[in-house]
Amino acid sequence: MSGVELTSLEQNATFICGHPKSGTSLLRGMLDSHPQLIVFPEETKFFRRVLPAAVTHAIDERPRVVGERILQVLAWREGSLSPGQAGFRDRDYSHIDHKSALEAYRRRSVAWQGEPSRLLVAAILAYGEATGRLAQAKRWVEKSPYNERYATRIFEWWPQARCLHVVRDPRDNYASYLRKHPDWTPETFAHSWRQSALLGWKNHRRFGAERYRIVRYEDLILRTEEAIAELVRFLEIEDSPALRTPTRAGLAWTGNSMFGEAFDGISHSPLGRHAKALPQADNLEIEKQLEPEMMRLGYSLTRPLTRTERLAGRVGRARWVWRRFRTAGRSRTASGGK
């Protein structure tokens, strides 16, 4: 990275990746109050939304756009939340000085020198400054679904970065995601989930297990102590009781359930929910589409698939690959083959 040399803390980025509703919020919550981490409490969507929006502005306006878009969530207060936010009881940041965070960001972003990566660092460390977390911090953490799509950029901009990619039983994942996107069919979801999982394995192979780690949501719940030990080694941090008590911005976290449940700590309640929440036909369709990936991740099928069902799954996967190929071809044609 050119320009002003980054400090050790600025370089030590940690990104949580994975499909939406796969358990990324639980992992963020477990890391949130660790004394050696600065964990931003909300998704920044830096790569997918903030950065594309910023580059449409003049270069000298980009720091302001990034800072306002990322840090605006710290202004959320009980009674002023949108309906979507108000459903979660812990999205009140009145204990954080929003103006102080913005001021800290302005100071830190002055030295950005045209490097977008420095603006994300400035925003998250400004949050750390406003919450008094800088003194002991060794790493900072950002969580946004689909971060796996940007792994190449992440490791180019932060060579010392770590990525934690959360995967979840796709049937449970679909049961939760369907509450947010009722228009999604099992086949549509299966293709999206597969793309995320395949990218996770690809990134793991390319960047190595010491930099890109795949974490099963179920292991965070059922093998908590083993999972925590792995997190401690991977992130090179000390073990702490905080890892066993999920929080958001340092306060009690009641979960991110699409079923309106409030959790006290790490809950087993979401496991196996698909058996009652989804029609049998939907579960079967997901199993047909994702049998190879489910087997690789250790997720058992409801029953062995018949030869006809397995063939239908192969046809569905082939159709998905063909659609992606055609879409990519149209994109290349529209851009003049570049």
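Patches are made of residues with over 30% relative accessible area and no salt bridge, with like charges joined within 9 Å. In this predicted model, a patch of positive charge on the surface is formed by Lys 202, Arg 205, Arg 206 and Arg 296. The element that gives the most to the positive patch is helix H10, which spans residues 186–207 and supplies 3 residues. Arg 206 is placed in helix H10. Because its relative accessibility is 52%, Arg 206 counts as exposed, the cut-off for this class being over 50%.

Helix H2 presents another setting. This helix covers residues 24–32, and 9 of its 9 residues are buried, so H2 is largely enclosed by the rest of the structure. The buried residues of H2 include the charged residues Arg 28 and Asp 32. Also buried in H2 are Thr 24, Ser 25, Leu 26, Leu 27, Gly 29, Met 30 and Leu 31.

A buried position was also examined in helix H4, which comprises residues 62–71 and contains Ile 70. The relative accessible area of Ile 70 is 2%, and this residue is therefore buried, as the class requires a value under 20%. When neighbours within four places in sequence are left aside, Ile 70 is in contact with Phe 40, Thr 44, Phe 46 and Val 50, and also with Leu 120 and Ala 123. Between the C-alpha atoms of Ile 70 and Leu 119 the separation is 9.9 Å, while the two residues stand 49 residues apart along the chain.

Key:
Residues are numbered from 1 along each chain as its sequence is written. This is a predicted model: local features need pLDDT of at least 70, side-chain atom pairs count only at pLDDT 80 or more; totals for chains, interfaces and linings use all residues. Side-chain values use heavy atoms; hydrogens and water are left out. Patches are made of residues with over 30% relative accessible area and no salt bridge: like charges are joined within 9 Å, nonpolar side chains (Val, Leu, Ile, Met, Phe, Trp, Tyr) within 5 Å. Accessible areas come from the Shrake-Rupley method with a 1.4 Å probe; for residues, only the protein chains shown count as cover. A salt bridge is a side-chain nitrogen of Lys or Arg within 4 Å of a carboxyl oxygen of Asp or Glu. The place of a charge is taken as NZ of Lys, CZ of Arg, CG of Asp or CD of Glu. Helices (H or I, at least four residues) and strands (E, at least two) are DSSP runs, numbered from the N terminus. Buried means under 20% relative accessible area, exposed over 50%, partly exposed in between (1.4 Å probe, protein chains only). Contact means heavy atoms within 4.5 Å.
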